[in-house]
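Colleague: I am new to this one and would love a guided tour. Could you choose a single part, look at it closely, and then show me how it sits in the rest?

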Amino acid sequence: MTHSGAAHEQREALGARLRELRRDAGLTGRKLADSAGWHESKTSKIEYGKQTPSEADLRTWCTLTGSLDEFPDLIASLRNIQAAYMEFRRVLGTGTRRRQRMLSHIEGETQIMRWFEPMIIPGLLQTPDYIEWILSRIIRFYDIPNDVDEGVTARIERQQVLYRGTRRFSFVIAEQVLYTTAGQDSVMVEQLDRLLTAMALPRVQLGILPSAAIYEGPATNSFVMYDNKLVIVETVTAELTITQPREIALYGKLFDLLRAQTSYGEAARSLIHKAIEQRR
């Protein structure tokens with residue numbers, strides 16, 4: 001499922017519930033639209049997830065169907081949809097620093113973090129020069145305000161979470177991550193050395209998913225699991241925030257499949273050393 005598809009699925013679920021309320025009230029779609037003063041197509045668009053209702057729409061719907069007791073739950077569903085899909089243009093509208101602080105807040109409230117990356121080093125394990133390269137490309141790609149220095153500082157501050165408290169971190173990175181170039185060879189060598197250092201941290205588990213691993217599930221995007229409460233998935237256009245327990249369970253299942261194929265310990269260090277040698 002695509003990320004916009006997941007948001008659409010939630011709209012469809014909300015619409016299906018509204019359709020049930022209308023039918024239980026004995027109203028046709030046209031009758032409800034006439035009573036609400038809407039165009040007759042609006043009822044159908046909302047019920048089939050083609051249009052997101054406003055909070056005022058929901059109140060009108062509940063009033064006309066005699067189901068105001070359902071209003072609080074419907075509002076909660078609507079706000080979940082609104083929060084689930086955040087365009088990067090909006091998230092990064094003022095630059096990169098703000099998003100770093102948002103993530104820092106979430107990480108500070110998490111005890112167990114599970115992180116999969118198919119292409120680049122996870123942000124919590126990046127060196128300053130690697131961060132600068134990545135953020136400068138993000139700024140250029142999205143054409144957002146250039147605050148690269150502030151963004152680098154904020155991301156480094158985030159990394160303190162690795163050393164404080166009793167939190168545990170499980171990183172699974174694809175072998176390709178070791179070879180994706182972000183800067184000169186000297187930057188990459190320093191970054192790969194940083195991975196070796198991070199593997200020695202007491203609450204950090206870092207493994208490498210070999211490039212020849214068998215396909216077991218749709219691990220096509222990076223995703224981060226914050227306990228069993230929240231999953232954040234990055235796409236090209238947006239960040240998807242997942243809070244539905246059923247969907248979180250699927251990501252947990254996928255992470256376990258990836259982890260079962262991942263190399264740890266000496267085998268992982270050997271893969272990193274191999275990548276370092278190619279840069280020297």
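Modeller: Let us start with Arg99, which counts as buried because its relative accessibility is 8%, and buried means under 20%. Please keep in mind that this is a predicted model. What does Arg99 form a salt bridge with? The partner is Glu239, and the closest N and O atoms of the two are 2.3 Å apart. This pair ties together distant parts of the chain, as Arg99 belongs to helix H7 while Glu239 belongs to strand E7 (residues 238-242), 140 residues further along. Glu239 counts as buried too, because its relative accessibility is 4%. In general, side chains of opposite charge can pair when their charged atoms come close.

Now stay with helix H7, which spans 97-108. Arg97 is the side chain of opposite charge nearest to Asp147, at 5.2 Å. Asp147 is buried but has no salt bridge, because a salt bridge needs the nitrogen and the carboxyl oxygen to be within 4 Å. Even so, the side chain of Asp147 reaches the backbone nitrogen of Arg97 at 3.0 Å. Where along the chain is Asp147 found? It is in the loop between helix H8 (128-142) and helix H9 (148-158). Setting aside neighbours within four places in sequence, Asp147 is in contact with Thr94, Gly95, Thr96, Arg97 and Ile139.

Helices H7, H8 and H9 also lead us to the largest pocket, since each of them supplies at least two residues of its lining. Strands E2 (112-117), E5 (223-226) and E6 (230-234) do so as well. How many residues come from H8, which gives the largest share of the lining? H8 contributes seven. The full lining counts 38 residues, and those nearest the centre of the pocket are Ile120, Ile134, Ile138, Ser222 and Glu234. About 900 Å³ of space lies within this pocket. As a general idea, rolling a probe the size of a water molecule over the atoms shows where empty space is left.

With that picture in mind, we can set the Arg99 pair beside other salt bridges, of which the structure holds 12. One of them joins Arg259 and Asp256 at 3.0 Å, N to O. Here the partners lie three residues apart, about one turn of the helix, both in helix H11 (residues 245-260). Are these two side chains buried, partly exposed or exposed? Arg259 counts as partly exposed because its relative accessibility is 28%, and Asp256 counts as partly exposed because its value is 40%. Another bridge links Arg280 and Glu277, with the closest N and O atoms 3.8 Å apart. Arg280 is exposed, at a relative accessible area of 64%. Salt bridges can also form a network, as they do among Arg17, Glu20 and Glu70.

Finally, let us step back to the chain as a whole. It has 12 helices and seven strands, and its C-alpha atoms fill a box of roughly 75 × 40 × 35 Å along the principal axes. Of the 280 residues, 49% are buried, Arg99 and Glu239 among them. Among contacts with a separation of 6 or more, 74% are between residues 24 or more positions apart. The pairing we began with, Arg99 with Glu239, spans 140 residues.

Methods
Residues are numbered from 1 along each chain as its sequence is written. This is a predicted model: local features need pLDDT of at least 70, side-chain atom pairs count only at pLDDT 80 or more; totals for chains, interfaces and linings use all residues. Side-chain values use heavy atoms; hydrogens and water are left out. Helices (H or I, at least four residues) and strands (E, at least two) are DSSP runs, numbered from the N terminus. Buried means under 20% relative accessible area, exposed over 50%, partly exposed in between (1.4 Å probe, protein chains only). Lys and Arg count as positive and Asp and Glu as negative; His and the chain ends are not counted. A polar contact is a pair of N or O atoms within 3.5 Å; within protein, one must be able to donate a hydrogen and the other to accept it, and residues adjacent in sequence count only if both atoms are side-chain atoms. Contact means heavy atoms within 4.5 Å. On a 1 Å grid over the protein atoms alone, a cavity is a set of points where a 1.4 Å probe fits but cannot get out, and a pocket is an open set with protein on both sides within 12 Å along at least five of seven lines; lining residues have an atom within 4 Å of a point. Grid points are joined across faces, edges and corners, and a volume is the space filled by probe spheres set on the points.
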